[in-house]
Amino acid sequence: MRHLLSTRDLSRAEAVAILDVAEDMADVAGREIKKLPALRGKTVVNLFFEDSTRTRISFEAAAKRLSADVINFSAKGSSVSKGESLKDTAQTLAAMGADAVVVRHPASGAPSVLAQSGWIDAGIVNAGDGTHEHPTQALLDAFTIRRRLHGASARGRDLDGVTVTIVGDILHSRVARSNVWLLSTLGAHVTFVAPATLVPIGIGDWPVTVGYDLDAAIARQPDVVMMLRIQGERMNAAFFPTAREYARQWGLDDERLAKLPASSLVMHPGPMNRGLEISAKAADSAQSTVLEQVANGVSIRMAVLYLLLSGANGEL
Amino acid sequence: MTARLVLQSADITRALTRISHEILESNRGASDLVLLGIPTRGIVLARRLGEILDSIEPGSGTVGFLDVTMYRDDLAKNPTRAPSPTQIPAGGIDGKTVVLVDDVLYSGRTIRAALDALNDIGRPRAVRLAALVDRGHRELPIRADFVGKNLPTAASERINVRLLEVDGVDEVTIEGGDA
């Protein structure tokens, strides 16, 4: 693997291979010494043009567990605020000898510009670009689902026949986009449930069923319900009347939680708006995988960095 | 390309039986013994050794496996290697005598990686090495404590260890070198 820009580029075999490597990485987290020497001497730069805590910390932890050196770069307080272009920033990082660059950028497509421009020779990992994709989040979601469903025998398995309902702000969600491609590549059936104002145009081409009624979707007893965050910073138009109305119609409240089968998983990529898209009871229930998702995120990102940075030609 | 048969199924079984007795002898019994196979075929050999040990002294064959991929010194020079699982027996390895089991002992670099991997998992009382075939050409100061067969080879030759559980047949062949 040279870059990880989109889950759309991954074949089923590649996706399963990444999840399998992540299983081995997860085993390391259970040891007393949670460190592997595989990426000793490599430099990973976290290039974050947008605020993030868990993704950046997760990548940092992953790189450090593999013994790579980590340089954190956030646009705030850097030369970017003086007007430096992406090209100059990338060339500066290249001159410092970065082996991999983890990019989060508010503009969709910024990571693929970096990967294709020739400004920098490092492997590029997309850590969220605009409203486009967030591949490692989708990989960790798939990993979490696979682990919960298959337990110790998860290695080598895909997600054939698993039903996943993704609820909320699909329009602005890169998590939803990455998940659609990855989960359907792995054989799962994905359903979107959202207010009609938050469903993107052109969704007809996606491998997904769209619905507008959360109660009807829950009545079909999905294996997984994934709640998306209502992104206050992107709510720049009247997508729904009030937060209370959104919570009543599309929030996973205690009543809807009770109607879900006990075996269904409740997922959320975080950070959660408790009381808006998800109730505290749902977030803290045994069905909730929120904290597992965070722990699995480190394993997935270790796997991705390992596959990107070890090896002479990057082929697995 | 000619392949010469060096060990047959019965030879392999005899070698493993002898190694089992040697392990018990050098360990003065079966207490605190952990066999760790190195993927892929080392795992199979460790399981077989465990069964033989169990038949000699019941309860002595504690078997696990140890992946060394992440500890290799040639990661950057070869295509990306997929790691495989590591499984340490429930009792851990602290204070135990660990016997590393591999199919072929060659440069010694895999064993160097295995020693580093062990270091991150615990502190065994002693580490021993068992190999089905020792073909020479060591690049590091490492030697085996228990050897199935010493096979002097040329560096251009290839040793193929095939085992029933992985390859459907039990044999060790030596290939090439005459070209």
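**Sheet, contacts and odd backbone spots**

Colleague: Where is Pro271(A) found?
Modeller: Helices here are DSSP runs of H or I with at least four residues, strands are runs of E with at least two, and both are numbered from the N terminus. On that count, Pro271(A) sits in the chain A loop between β9 (265-267) and α10 (280-284).

Colleague: What pLDDT do local features need?
Modeller: Residues are numbered from 1 along each chain as its sequence is written, while chains are lettered from A and ligands numbered from 1 in the order in which they are written. This is a predicted model: totals for chains, interfaces and linings use all residues, side-chain atom pairs count only at pLDDT 80 or more, and local features need pLDDT of at least 70.

Colleague: Back to that proline: is the peptide bond from Gly270(A) to Pro271(A) cis or trans?
Modeller: Omega is near -10 degrees for the bond from Gly270(A) to Pro271(A). That makes the bond cis.

Colleague: What is omega for the bond from Pro39(B) to Thr40(B)?
Modeller: Thr40(B) is in the chain B loop between β2 (33-37) and α2 (41-56). The bond leading into Thr40(B) is cis, with omega near 0 degrees.

Colleague: Which strands stand at the edges of the open sheet in chain A?
Modeller: Pairing takes at least two DSSP bridges between two strands. Four strands line up in parallel as β2-β1-β3-β4. Two of them have a single partner strand each, so one side of each lacks a neighbour in the sheet: β2 (69-74) and β4 (123-129).

Colleague: Which residue in β3(A) is the bridge partner of Leu47(A)?
Modeller: β1 (residues 43-48) and β3 (residues 100-105) of chain A run parallel, joined by five bridges. In β3(A), Leu47(A) is matched with Val103(A).

Colleague: Which helix gives the most to the side of chain A that touches chain B?
Modeller: Counting C-beta atoms placed from the backbone and lying within 7 Å as a contact, 18 residues of chain A touch 16 of chain B. The top contributor, with four residues, is helix α1 (residues 12-29) of chain A.

Colleague: Is Ser67(A) buried, exposed or partly exposed?
Modeller: Ser67(A) has a positive phi near 70 degrees without being a glycine. Using C-beta atoms placed from the backbone, 20 or more others within 10 Å means buried, 12 or fewer exposed, and in between partly exposed. Ser67(A) has 15 such neighbours inside 10 Å, so it counts as partly exposed.

Colleague: And Arg28(B), buried or exposed?
Modeller: Arg28(B) also has a positive phi, about 50 degrees, and is not a glycine. With 8 other C-beta atoms within 10 Å, Arg28(B) is exposed.

Note on methods. Two residues are in contact if their C-beta atoms, placed from the backbone, lie within 7 Å.
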